[in-house]
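I am opening a notebook on this structure and will write down what I look up, one topic at a time.

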Amino acid sequence: MPEAVLQMSHVGVTLSGQDGSVVEVSRDVSLALAPREFVSIVGPSGAGKTTLLRAASGLRRPTTGEVSFDGEPLTDVRAGISVVFQEYNKSLFPWMSIGKNVAMAARHLPAAERASRVADALRLVALEGMGSRYPWELSGGMQQRAALARALVSGPRVLMLDEPFASVDALTRGLLEDVVADLWERSSFAALLVTHDVGEAVYLSDRVLVLSARPSRIMAEVTIDLPRPRRQTHTRRLQRFVELEAEVLEFVYKAGRGSAGQGS
Ligand SMILES: Nc1ncnc2c1ncn2[C@@H]1O[C@H](COP(=O)(O)OP(=O)(O)OP(=O)(O)O)[C@@H](O)[C@H]1O
Ligand SMILES: [Mg+2]
């Protein structure tokens, strides 16, 4: 396997609440993301998926263990890693047009190059010509595609997605999954997706990692040997898809039973 673009080694995160409570969210999580690989992390609500992604992206220093990006310790946010957050509808600036929102993520580039990159990114997510619209003028699915364009405009080596399709309807969700699958196939970034939707994880990934209940660790890893390119109407009907989904679900239920009563 080629050298990992992103590596988490024995990462543990312990958080302190404002009331003085201390929560050990995850313990001893190790994972290596190869260049161009698509890996998903699934696990029960409150297992610490978002917390782990924040550590993986450099937004939060892990309490124990370490994260490295391109072979170097990751101690802060870094160009080369883009994140689409769980609450995407809060992540676009409402007072800025879509084009300006996307351009913000490429502000280090000279103006002419920035403009062409923004146009490219909007085209990639099928929002061509929509740059002058404001977020509130777009549907939820379109806003999510705008958030994706913003994540992609800088040409990341790793794209991290935290429940990116949680607040859209099922049809839009399927379409957005295909937007991501398509972008990933045509680009060269590695992807790390966090989701509680097992079908989505299986559909998109090369590997699915299942988190246990808190303190979470990786309790299972399932290799997804489904052919690519994948398409909703085809892939999800394959016998192998159904088998893999059942296999992952089994682990998730086990993890969920472990967390029953823990809340989130
Ligand atoms: N800043 C914080 N201070 C203290 N505890 C926190 C903080 N942020 C999260 N937690 C706790 O850490 C645990 C993990 O939260 P996290 O948001 O990572 O879970 P998650 O798996 O992403 O959940 P969901 O599926 O609901 O998005 C939760 O119990 C949460 O209450
Ligand atoms: Mg979360």
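**Entry 1, a helix on a sheet.** I began with helix α1, residues 49–56, which lies across β1, β2 and β4 and runs at about 125° to β1. I keep in mind throughout that the model is predicted.

**Entry 2, the sheet beneath it.** I then looked up how those strands are arranged, and found four strands in an open sheet with the order β2-β1-β4-β5 and antiparallel pairing. β2 (22–33) and β5 (72–73) stand at the edges with a single partner strand each, so one side of each is left without a neighbour in the sheet. Strand β1, residues 6–16, is joined to β2 by eight bridges, and the two run antiparallel. As one place to check this pairing by eye, I noted that T14 stands opposite E24 in β2.

**Entry 3, the ligand.** Which residues come nearest to ligand 1? I listed L15, S45, K49, T50 and T51, out of 15 residues around the ligand. The elements giving two or more residues to this shell are β2 and α1, and α1 gives the most, with three residues. By kind, I sorted the shell around ligand 1 into four nonpolar residues, 10 polar ones and one charged one.

**Entry 4, the other sheet.** I turned next to six strands that form an open sheet in the order β6-β7-β8-β3-β9-β10, with mixed pairing. Its edge strands are β6 and β10 (218–223), each of which pairs on one side only, and the twist averages 15° from one strand to the next. Following the parallel part, I found that four bridges join strand β6, residues 81–84, to β7, where the bridge partner of S82 is L159. β7 in turn runs parallel to β8, to which it is joined by five bridges, and D162 stands opposite V194 in β8. The antiparallel sense appears between strand β9, residues 207–211, and β10, which pair over five bridges, with V208 opposite V222.

**Entry 5, the helix on this sheet.** α5 packs on the sheet and touches β6 and β7, its direction making about 170° with that of β6. I checked the length of α5 as well: at 1.5 Å a residue, its 13 residues (140–152) should span 18 Å, and the end C-alpha atoms are 18 Å apart, which agrees. Is α5 mostly covered or mostly open? It is mostly covered, for 10 of the 13 residues of α5 are buried, among them Q143, R145, L148 and L152.

**Entry 6, strand β7.** Strand β7, residues 158–162, is also mostly covered, with five of its five residues buried. I followed the side chains in turn and saw V158, M160 and D162 point one way from β7, while L159 and L161 point the other way, and all are buried.

**Entry 7, a residue in β8.** I chose L193, whose place is in strand β8, residues 190–195. Why does L193 count as buried? The cut-off is 20 or more other C-beta atoms within 10 Å, and L193 has 28 of them within that distance, so it is buried. Leaving out residues up to four places away in sequence, L193 touches S40, L161, A201 and L204. I also compared L193 with M160, and found the pair 33 residues apart in sequence but 5.8 Å apart in space, C-alpha to C-alpha.

Definitions and conventions: Residues numbered from 1 in each chain as written. Chains lettered and ligands numbered in written order. Predicted model: local features only at pLDDT ≥ 70, side-chain atom pairs only at ≥ 80, totals over all residues. Expected span 1.5 Å × (residues − 1). Buried ≥ 20, exposed ≤ 12 C-beta atoms within 10 Å, placed from the backbone. Pairing = 2+ DSSP bridges. Contact = placed C-beta atoms within 7 Å. Axes fitted to C-alpha atoms, helices over the stretch in contact; angles between N-to-C directions. Near = placed C-beta within 6 Å. Nonpolar A, V, L, I, M, F, W, Y, C, P; charged D, E, K, R; others polar.
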